[in-house]
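Me: Please take a close look at one pocket in this model, and then carry on from there to the contact between the chains and to a few well-enclosed places. I would like one connected account rather than a list.

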Amino acid sequence: MDISKEQVTALVYRAVDEINGELTPEQQLTKNPATVLFGTEATIDSMGLVSFIVAVEEQLSEELGLSMTLADDKAMSMERSPFKTLATLIQYVQNRIAAA
Amino acid sequence: MFIDFLEERFKADPDADALVWREQAFSYRWLAERLNDWRERLAVEQIEPGEVVILEADFSPTSVALFLALVDRGCILVPLTSAVGAKRDEFVKIAQGQSTIRVGPDDSVAVERLPHVADHDYYLSLREKKHPGLVLFSSGSTGRSKAAVHDFVPLLDKFRIPRARLRSISFLLFDHIGGINTMLYMLSNTGCLITVEDRRPAAVLQAVQDHRVELLPATPTFLNLLLISEADRDFDLSSLQIITYGTEPMPETTLKGLHARLPNVRLVQTYGLSEIGILRSKSKASDSIWVRLGGEGFQTRVVDGILHVKAASAMLGYLNAASPFTADGWFNTQDRVEVDGEFFRILGRDSELINVGGQKVYPAEVESVIQVLDNIAEVTVFGEAHPITGNIVCARVSTIEPGDVKALRKAIRTACREQLESFKVPVKIEVTQEPQYSERFKKIRRRPTDGSPAAGA
């Protein structure tokens with residue numbers, strides 16, 4: 001499926017809105033490609049990350065009718081983790097949509 | 001000869017109702033006569049002592065008489081109901097059934113010989129002792145069904161002590177340890193077994209009202225459906241004294257809701273397994289999930305948080321799996337419990353536990369929070385593998401009315417976050433209109449893609 005980076009970014013940001021509704025003020029994610037999702041600089045813990053990834057999956061399913069698991073063993077074994085920042089996640093989601 | 005004590009009680013009370021089937025009552029005199037008829041018929045059919053007989057039936061006048069006749073003849077009895085579904089042929093093969101007796105929906109009987117050789121060691125030992133046997137298929141909800149072989153003589157022992165005479169619904173099925181326990185309890189106290197074919201709340205409560213039922217043995221899933229349907233408001237339930245519940249963990253919210261709705265009914269938790277029989281139990285209170293377990297013939301102990309039971313009525317072993325007993329005869333129930341003095345709180349099967357990043361989540365605890373939210377009919381919580389945290393908590397909910405899925409998800413997560421630790425909050429929430437229980441009124445815990453619904457124990 002062809003999709004622009006802007007469209008993917010907008011979709012991922014809508015998932016950020018969703019998850020922010022469930023996070024405490026200190027945990028809020030900023031809609032900025034540089035936002036760190038995982039590691040010591042991240043505002044969310046591993047449970048928050050897992051929930052955010054599922055929120056993106058739900059957005060993909062609702063908006064594009066695509067049912068996919070983003071966090072699979074393949075994603076986890078990539079040399080650069082796709083879950084490091086919003087930028088890497090957006091790139092990864094775009095690649096997965098293109099391959100779908 | 002094995003059921004002499006039952007027949008003596010039948011004779012002492014011949015006019016009492018033994019059974020109500022399709023609105024018709026059958027007395028103990030009738031049952032005693034049919035039992036004799038079946039003794040003769042089994043001899044004519046050359047069904048011999050020690051033979052493995054599959055009895056395919058639901059509770060009916062004929063199936064009860066046949067059950068007793070087969071036990072008395074010393075046969076090894078394998079009851080099966082239609083709830084086993086597609087597993088029927090596999091179960092017959094595992095049990096090495098030598099003949100099958102099928103009781104049809106009209107109570108007619110068909111006997112068929114089967115080609116299997118029944119030479120399992122447990123069968124040989126039963127024949128050596130000249131004892132009747134019973135084979136029960138245990139839970140398939142978390143794996144392969146196992147066939148538990150019992151010596152019927154110790155199973156009968158606990159029914160020798162006379163107890164209160166009650167009128168009870170036969171809710172649990174004919175091939176389930178709980179269903180067989182209810183039947184033997186009623187027969188041994190010349191109580192009355194009210195059979196139902198439709199096990200949905202309205203039909204069951206209709207039978208309670210029409211037949212002045214005193215005891216309703218049920219499952220938490222059924223009781224939850226009863227609460228949602230509010231069927232209790234439509235019937236006169238003044239005869240009802242006791243509701244027992246077992247076979248799966250009881251969500252505390254369902255129990256408290258039920259107690260509020262039916263304050264005059266005593267709510268009693270039961271505990272039993274195909275492998276060890278039914279323990280005697282006493283709930284701390286009607287609205288308490290804490291329960292005292294034991295009774296004559298049962299000892300309990302807790303090892304690393306898991307309940308172990310030593311039972312005089314324990315099975316000999318499995319036909320199709322290694323013996324689960326320790327060298328000194330204890331059975332590991334796999335049920336994780338909390339202990340408070342002499343009371344236990346059953347948290348759930350260890351195999352159903354969800355391990356999220358090393359932290360333990362019991363589905364029942366999460367279900368209990370979600371169950372009471374608006375528009376929730378049923379909820380099943382289960383784990384799904386996840387590469388980041390090992391597993392994640394997932395919830396499948398069915399709603400009473402269709403509605404906004406996004407808003408529902410949010411309401412569920414918010415309620416769970418307020419009441420539970422963050423790792424227990426469901427990450428994935430599936431919303432469906434489909435019912436989530438098996439024919440046995442027990443939650444189906446396996447994912448729908450994993451094959452047929454669980455047989456349940």
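Reply: In this predicted model, the second largest pocket has a volume of about 610 Å³. Its lining is made up of 29 residues, and those that lie nearest the centre are Asp58(B), Thr81(B), Ser82(B), Arg199(B) and Glu439(B). Sorted by class, the lining of this pocket comprises 12 nonpolar, seven polar and 10 charged residues.

Charged residues also come up at the contact between the chains, to which chain B gives 15 residues and chain A gives 18 residues. Together the two chains bury about 1,500 Å² between them, and 61% of that area is on carbon and sulfur atoms. On the side of chain B, Pro387(B), Ile388(B) and Lys406(B) supply 37% of the area that this chain buries against chain A, which is more than any other three residues supply. Of salt bridges, the structure holds 38 over all chains, and seven are found across the interface of chain B and chain A.

Three of these pairs can be followed one at a time. As a general point, side chains of opposite charge can pair when their charged atoms come close. Arg413(B) and Glu58(A) form a salt bridge through their side chains, with 3.4 Å from N to O. This pair crosses between chains, running from helix H12 of chain B (residues 405–419), which holds Arg413(B), to helix H2 of chain A (residues 46–64), which holds Glu58(A). Both partners count as buried, because Arg413(B) has a relative accessible area of 9% and Glu58(A) one of 19%, where the cut-off for buried is under 20%.

Glu62(A) takes part in two further pairs with helix H12 of chain B. With Lys406(B), the side chain of Glu62(A) forms a salt bridge of 2.6 Å, N to O, and this pair too crosses between chains, from helix H2 of chain A to helix H12 of chain B. Here the partners are partly exposed, Glu62(A) at 42% relative accessibility and Lys406(B) at 32%. With Arg409(B), Glu62(A) forms a salt bridge of 3.6 Å, N to O; since Glu62(A) lies in helix H2 of chain A and Arg409(B) in helix H12 of chain B, this pair likewise joins two chains. Arg409(B), at 14% relative accessibility, counts as buried. An α-helix has 3.6 residues a turn, so residues three or four places apart point the same way. The pairs described above belong to a network of salt bridges that links Glu18(A), Glu22(A), Glu58(A) and Glu62(A) with Lys406(B), Arg409(B), Arg413(B) and Arg417(B).

Turning to other enclosed places, Thr9(A) sits in helix H1 of chain A (residues 5–20) and counts as buried at 18% relative accessibility. Its C-alpha atom is separated by 16 Å from that of Ser61(A), a residue 52 places away along the chain.

In chain B, Pro132(B) is found in the loop between helix H5 (121–129) and strand S7 (133–137), and its relative accessibility of 0% makes it buried. Although Pro132(B) and Phe2(B) are 130 residues apart along the chain, their C-alpha atoms are separated by 8.3 Å. Apart from neighbours within four places in sequence, Pro132(B) is in contact with Phe2(B), Val71(B), Gly74(B), Cys75(B), Leu126(B), His150(B), Asp151(B), Phe152(B) and Val153(B).

A whole element of chain B can be read in this way as well. Helix H9 of chain B (residues 220–229) is largely enclosed by the rest of the structure, because eight of its 10 residues are buried. These buried residues are Pro220(B), Thr221(B), Phe222(B), Leu223(B), Asn224(B), Leu225(B), Leu226(B) and Leu227(B). The elements that cover them include, from chain B, helix H8 (201–210), strand S11 (215–218), strand S12 (242–245), helix H10 (252–261), helix H11 (363–371) and strand S24 (376–386). Following H9(B) comes Glu230(B), which has a positive phi, near 55 degrees.

Terms used. Residues numbered from 1 in each chain as written. Chains lettered and ligands numbered in written order. Predicted model: local features only at pLDDT ≥ 70, side-chain atom pairs only at ≥ 80, totals over all residues. Heavy atoms only, no water. 1 Å grid on protein atoms, 1.4 Å probe; cavity = no way out; pocket = protein on both sides within 12 Å on 5 of 7 lines; lining within 4 Å. Points joined across faces, edges and corners; volume = space filled by probe spheres on them. Nonpolar A, V, L, I, M, F, W, Y, C, P; charged D, E, K, R; others polar. Salt bridge = Lys/Arg side-chain N within 4 Å of Asp/Glu carboxyl O. Helix = DSSP H or I, 4+ residues; strand = E, 2+ residues; numbered from the N terminus. Buried < 20%, exposed > 50% of the residue type's maximum accessible area, 1.4 Å probe, protein only. Contact = heavy atoms within 4.5 Å. Buried area = accessible area lost by both parts, 1.4 Å probe.
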